[in-house]
Amino acid sequence: VYQGSIDWKAVKDSGISFVIIRCGFRGYGTGRLVKDTNFYSYIKGANDVGLKVGIYVFSQAINEAEAVEEASLCVNMAQGYRVSYPIFIDVESVPAGGRANALTKDERTRVCKAFCETIKSAGYTPGVYANKDYLRNKLNASELNGYKIWLAHYCTTTDYTGKYDLWQRSSKGSVNGIKGNVDLDVSYLGY
């Protein structure tokens, strides 16, 4: 919703090959699941110009049942569209009082696994989005090696030594067809 209107042809013509679109989020205070109001226009626009598409949900799940609910939202919203990139659970810190901030490493890892297994059982490729600190200190990253890992680390050369399949290297990128700053990512997926 934050990107406004996007000219998807200009995005593709600028050399972008894939996009990962937020389908929704769970409120970090309320715990309510909310669909991103631009998701359907974005995925249709990206599909129409032939961009590869992945999906993510901003998670504030505090248990496995909520993780399954978030995964189900993603799967339901993906129906009828081409999704060739993974579907990710986005786990990150939020302001004080965020409902998932106090999860232990084991709890947070179980949330990610429940999400990923639900995505996998629906026939999609699952993944986990997290920054370097989360992967090192707030998740049992080795337990997530069976899923795609999308590392967020804003720098020119990451020093993260764990497994990762995509690297979000900046939040201040510029792409033709999109107003304002955008995240820039490198994919090592080979598709």
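1. Strand 1 gives the largest share of the lining of the largest pocket, namely 6 residues. The model is predicted. The points below should be read with that in mind.

2. The volume of the largest pocket is about 950 Å³. Its lining counts 34 residues, and those closest to the pocket centre are Gln3, Ile20, Tyr56, Val182 and Asp183. Five elements are worth marking on the structure. Helix 1 (8–13), strand 1 (18–26), strand 3 (52–58), strand 7 (166–173) and strand 8 (182–187) each give two or more residues to this lining.

3. On chemistry, the lining of the largest pocket divides into 22 nonpolar, 5 polar and 7 charged residues. Asp183 is among the residues closest to the centre.

4. Now the enclosed space. Searching the whole structure for cavities of 30 Å³ or more gives 1. The largest cavity holds about 70 Å³ of space. Its lining is made of Ser59, Gln60, Ala61, Val91, Glu92, Ala100, Asn101, Leu103, Arg108, Val111 and Tyr134. By class, that lining has 6 nonpolar, 3 polar and 2 charged residues.

5. Ser170 sits in strand 7. Strand 7 is also one of the elements giving two or more residues to the lining of the largest pocket. Is Ser170 buried or exposed? Ser170 counts as buried because its relative accessibility is 17%, and the limit for buried is under 20%.

6. The side chain of Ser170 has a polar atom 3.0 Å from the backbone nitrogen of Lys172. Beyond four places in sequence, Ser170 is in contact with Tyr154, Val182, Asp183 and Leu184. Val182 and Asp183 have appeared already, among the residues closest to the centre of the largest pocket.

7. Thr156 belongs to the loop between strand 6 (148–152) and strand 7. Thr156 is exposed, at 77% relative accessible area. Which residue lies 13 residues from Thr156 in sequence, with 7.0 Å between the C-alpha atoms? The partner is Arg169.

8. Helix 3 (residues 64–78) contains Ala71. With a relative accessible area of 0%, Ala71 is buried. Leaving aside neighbours within four places in sequence, Ala71 is in contact with Phe115, Thr118 and Ile119. A further pairing is with Pro126: the two residues are 55 apart along the chain, and their C-alpha atoms are 9.4 Å apart.

9. How many disulfides does the structure have? The count is 0. Cys74 is in no disulfide, and its nearest cysteine sulfur, that of Cys23, is 3.5 Å away. The pair fails because a disulfide needs the sulfur atoms within 2.5 Å. Cys74 is buried, with 0% relative accessible area.

10. Cys116 is likewise in no disulfide. The nearest cysteine sulfur to that of Cys116 belongs to Cys112, 6.4 Å away. Cys116 is buried, and its relative accessible area is 0%.

11. For a quick look at the structure, three places to visit are these. One is the centre of the largest pocket, where Gln3, Ile20 and Tyr56 are among the closest lining residues. Another is Ser170, with its side-chain polar atom 3.0 Å from the backbone nitrogen of Lys172. The last is Cys74, where the sulfur of Cys23 is 3.5 Å away.

Methods: Residues numbered from 1 in each chain as written. Predicted model: local features only at pLDDT ≥ 70, side-chain atom pairs only at ≥ 80, totals over all residues. Heavy atoms only, no water. Buried < 20%, exposed > 50% of the residue type's maximum accessible area, 1.4 Å probe, protein only. 1 Å grid on protein atoms, 1.4 Å probe; cavity = no way out; pocket = protein on both sides within 12 Å on 5 of 7 lines; lining within 4 Å. Points joined across faces, edges and corners; volume = space filled by probe spheres on them. Helix = DSSP H or I, 4+ residues; strand = E, 2+ residues; numbered from the N terminus. Nonpolar A, V, L, I, M, F, W, Y, C, P; charged D, E, K, R; others polar. Contact = heavy atoms within 4.5 Å. Polar contact = N/O pair within 3.5 Å; in protein donor to acceptor, adjacent residues only side chain to side chain.
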